[in-house]
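Biologist: I've got a model open and I'd like to understand how its strands and core fit together. Can you walk me through it?

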Amino acid sequence: MTSDQHAANAPNPDHEWKLIIGGERPAGGVGTYDVINPATEEVVGRAPEATTAQAADAAAAAAEAFDAWSRTTPEHRCELLNRAAELLDAHADELVPLVQAETGATMRVAKSMQVPQAAARFRRYAEGAKEPTVTPLRPQTVPATALAPGGVISAIANRAPVGVVTAISSYNFPVVNMAGKVAPALAMGNTVIMKPAPQDPLGVIRMAELLVEAGFPPGVVNCVVSEDVAPSEVLTTHDAVDMVSFTGSTAVGQRIAEVAGSRMKRLLLELGGKGACVVLDDADLKAAIGGIGSVWGFHSGQICTSPTRVIAQRGIYDQLVAGLTKTAAYMPVGDPLERGTVVGPVISAAHRERVEGYVEMGRSEGATIAAGGERPDMERGFYVAPTLLADATNDMTPVREEIFGPVVAVVPVDDAEEALAVANDSDFGLYSYVFTGDTGVAMDMAKRMRSGNVGLNTLQRNHDAPFGGFKQSGVGRDGGSYGLDAYGELQSIVWSS
């Protein structure tokens with residue numbers, strides 16, 4: 001998309017955005033709130049502010065639609081999911097500028113990740129809708145008991161839809177993250193209530209509109225938006241809601257687990273991360289530095305899989321720090337619409353202050369600021385310079401807590417065993433990495449890491465692999481066919497042969 005095309009498709013701040021509840025399009029019951037462009041601090045649009053009653057209405061509408069939708073054929077669900085993907089592609093010239101403006105993503109990220117990946121997820125789960133849901137089990141010869149006569153007892157395991165799913169997405173990749181929730185949920189025959197992050201909900205509303213246009217019946221897809229937490233609490237506790245799928249901070253996930261868990265809602269929680277990246281003496285340093293550097297400033301560090309806790313063996317420590325320091329110089333901070341920009345703004349002024357606070361804590365606790373550490377000289381926008389904390393220890397605050405910004409800390413260790421101990425000494429366990437020339441050592445370390453995902457000599461992902469975290473990084477797994485399992489309930493059906 002050229003700059004002229006982007007200007008022509010720039011979002012209209014006066015556009016009237018509405019909720020989607022049971023096929024109706026009501027305005028927010030308590031008005032609207034401003035969605036702010038993190039790069040310009042200008043209003044992108046005014047999001048509808050739902051009431052708690054409207055949240056309850058959405059839950060009721062989804063519950064009413066569930067029975068008929070859950071009995072549709074897999075082929076029909078496949079057709080609608082593919083149609084949704086086609087509409088997302090057809091409206092990319094509209095969606096990319098909108099999502100770019102409300103997230104502050106660079107154009108490269110917006111064009112390659114924010115929208116196209118959403119369409120890809122709908123296509124993946126269009127095929128997923130046709131995957132078998134019944135697993136035959138081996139018959140058993142059972143003797144007679146006081147309960148029933150004996151005989152040959154057959155059984156199947158049936159994967160049934162959960163019911164009504166509240167899907168609460170993250171602010172870093174609002175559209176693609178929501179697509180990764182609603183696509184497998186719909187494929188399995190569930191109905192959904194989409195609740196986007198309050199910072200950037202407009203792209204999700206537009207995606208919900210396109211799902212309605214694709215032909216999903218009233219009540220199957222609902223969208224509730226609010227800046228206030230009260231409607232979200234309704235959507236996680238309402239009697240009609242059977243499952244909550246949430247991506248975001250561990251603190252919010254803990255609150256959801258508390259209120260939803262007490263009502264026995266099914267939970268899929270993808271929470272915070274503090275990725276350990278072990279680099280041993282025999283590693284390909286060019287690959288390690290390139291991998292860490294590619295994610296360090298990606299979307300301004302607002303990515304849960306980022307290797308922000310680099311654990312380096314002392315034999316290569318100095319070279320690694322020098323290489324990362326040099327890399328920072330090739331990560332220009334600036335206007336996300338400019339072609340040469342690598343690092344754009346973080347989502348808000350409050351989040352910028354939070355990230356800067358962690359950098360200052362690192363400095364005060366004894367880390368060396370090898371790169372960055374100062375606020376970029378920008379007239380407007382919420383910018384943070386890529387920052388490297390060297391000479392760090394694993395007990396420092398910015399090494400232990402999730403920052404969600406372009407900040408990497410490097411911790412020196414003596415050997416592989418110490419590296420593994422440091423990697424596992426964390427409250428988090430979402431995504432970790434190992435760089436070494438010895439594939440046997442790499443595989444052994446991966447299996448011993450308390451991390452839901454481990455990359456060996458790569459930061460690339462396989463999207464059919466299960467995704468989720470250990471410890472405070474979450475509960476449950478999605479991704480590929482595991483995403484279908486996540487939005488299903490296993491049911492045993494037995495009979496006498």
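Modeller: Let's start with one pair: Val165 stands opposite Met243 in S8. A heads-up: this is a predicted model, where local features need pLDDT of at least 70 and side-chain atom pairs count only at pLDDT 80 or more, while totals for chains, interfaces and linings use all residues. Residues are numbered from 1 along each chain as its sequence is written, and side-chain values use heavy atoms, leaving out hydrogens and water.

Biologist: In which sense do S5 and S8 pair?

Modeller: Strands here are DSSP runs of E, at least two residues, and helices are runs of H or I, at least four, numbered from the N terminus. Two strands pair if DSSP finds at least two bridges between them. S5 (residues 164-168) and S8 have four bridges, and the sense is parallel.

Biologist: Which residue in S9 stands opposite Val244?

Modeller: S9 covers residues 266-270 and runs parallel to S8, with five bridges joining them. Opposite Val244 in S9 you'll find Leu267.

Biologist: How many residues of S8 are buried?

Modeller: Buried means under 20% relative accessible area, exposed over 50%, partly exposed in between (1.4 Å probe, protein chains only). One side of S8 has Met243, Ser245 and Thr247, the other has Val244 and Phe246, and both faces are covered. So, going by that cut-off, the buried count for S8 (residues 243-247) is five of five.

Biologist: Which residues does Val182 touch, not counting residues up to four places away in sequence?

Modeller: Contact means heavy atoms within 4.5 Å. With those sequence neighbours left out, Val182 touches Phe122, Ala167, Val192, Met194 and Leu211.
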